[in-house]
Amino acid sequence: MLGTIRNVNKLLVKEKDPIKLLQETCDNLIENRGYYNVWFALLNESEELVTTAEAGLGKDFLPMIHRLKRGELTDCGRRAMSQPGLVITYDPANCTDCPLLVSYGDRGAMTMRLECEENVYGIVSASIPKYLIVDEKEQYLFEEVAGDVAFALHSIKLEEDHKKADEALLESEQRF
């Protein structure tokens, strides 16, 4: 568990490309935690899809991407976006609106919104073995990773905003 957090924290410090950050986080959780799959969906302020990243699903993720592009979240995604904290799905068979249902089988799922300083950047979801879904330490790890990724996305956005402001100031100075 500590190795996973350490790997994600190293990634958060060095990676300034949000897409690479999300993809490498997905890969890390699959490789080091034994998750079946992990996916992120970044959304803008209007909850429109900006980008996705996934590991463990491959082409089975395409129906979810199409759904997200239409602005449609699954039940767990809607619940995660509407509240802070972890949304646990003990039996994915109850999620009849999920295009990933066939990929989840006899597993559990955790979903959480990516939030930092009242800014919501999207959601992260993972399919994991059922015995892990009830493990409080695993739930804490997932919440920690989601919070760390949200913080990194927030930092990247602040850097981009600062750079744009500096460029605008320089352009304004050059005009006068």
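Here are legends for a handful of close-up views of this predicted model.

**View 1. The largest cavity and what lines it.**
The structure holds 2 cavities of 30 Å³ or more, and this close-up is of the largest, with about 100 Å³ of space inside. Its lining is made up of 13 residues. If you want to find the middle, look for Cys 76, Cys 95, Cys 98, Tyr 104 and Ala 109, which lie nearest the centre. Sorted by class, the lining has 10 nonpolar and 3 polar residues, with no charged ones.

**View 2. The second largest cavity, with Glu 47 in its lining.**
This cavity has a volume of about 40 Å³. Leu 43, Leu 49, Leu 68 and Leu 73 line it, along with Gly 71, Glu 47 and Glu 72. By class that gives 4 nonpolar, 1 polar and 2 charged residues. Glu 47 is worth a second look: its phi is near 60 degrees, a positive value in a residue that isn't glycine. Glu 47 sits in the loop between strand E1 (37–43) and strand E2 (49–55), and at 40% relative accessibility it counts as partly exposed.

**View 3. Glu 118 in the loop between strands E4 and E5.**
Which strands flank Glu 118? They are E4 (108–116) and E5 (119–128). Here too phi is positive in a residue other than glycine, with a value near 65 degrees for Glu 118. Glu 118 counts as exposed because its relative accessibility is 76%, and the cut-off for exposed is over 50%.

**View 4. Helix H7 and its salt bridge to Lys 16.**
The structure holds 8 salt bridges, one of them between Glu 159 and Lys 16, with the closest N and O atoms 3.9 Å apart. Glu 159 belongs to helix H7 (residues 136–175), while Lys 16 is in the loop between helix H1 (2–14) and helix H2 (18–33), so this pair links parts of the chain 143 residues apart. Glu 159 is partly exposed, at 45%, and Lys 16 is partly exposed at 45% as well.

**View 5. Glu 138 and Arg 33, a buried salt bridge pair.**
The closest N and O atoms of Glu 138 and Arg 33 are 2.5 Å apart. Glu 138 is in helix H7 and Arg 33 in helix H2, so the bridge ties together parts 105 residues apart in sequence.

**View 6. Arg 113 bridged to Glu 115.**
In this salt bridge the closest N and O atoms are 2.9 Å apart. Arg 113 counts as buried at 12% relative accessibility, whereas Glu 115 is partly exposed at 30%. Elsewhere, salt bridges with shared partners join Arg 67, Asp 75, Arg 78, Arg 79 and Asp 97 into one network.

Notes. Residues are numbered from 1 along each chain as its sequence is written. This is a predicted model: local features need pLDDT of at least 70, side-chain atom pairs count only at pLDDT 80 or more; totals for chains, interfaces and linings use all residues. Side-chain values use heavy atoms; hydrogens and water are left out. On a 1 Å grid over the protein atoms alone, a cavity is a set of points where a 1.4 Å probe fits but cannot get out, and a pocket is an open set with protein on both sides within 12 Å along at least five of seven lines; lining residues have an atom within 4 Å of a point. Grid points are joined across faces, edges and corners, and a volume is the space filled by probe spheres set on the points. Ala, Val, Leu, Ile, Met, Phe, Trp, Tyr, Cys and Pro count as nonpolar, Asp, Glu, Lys and Arg as charged, and the others, Gly among them, as polar. Helices (H or I, at least four residues) and strands (E, at least two) are DSSP runs, numbered from the N terminus. Buried means under 20% relative accessible area, exposed over 50%, partly exposed in between (1.4 Å probe, protein chains only). A salt bridge is a side-chain nitrogen of Lys or Arg within 4 Å of a carboxyl oxygen of Asp or Glu.
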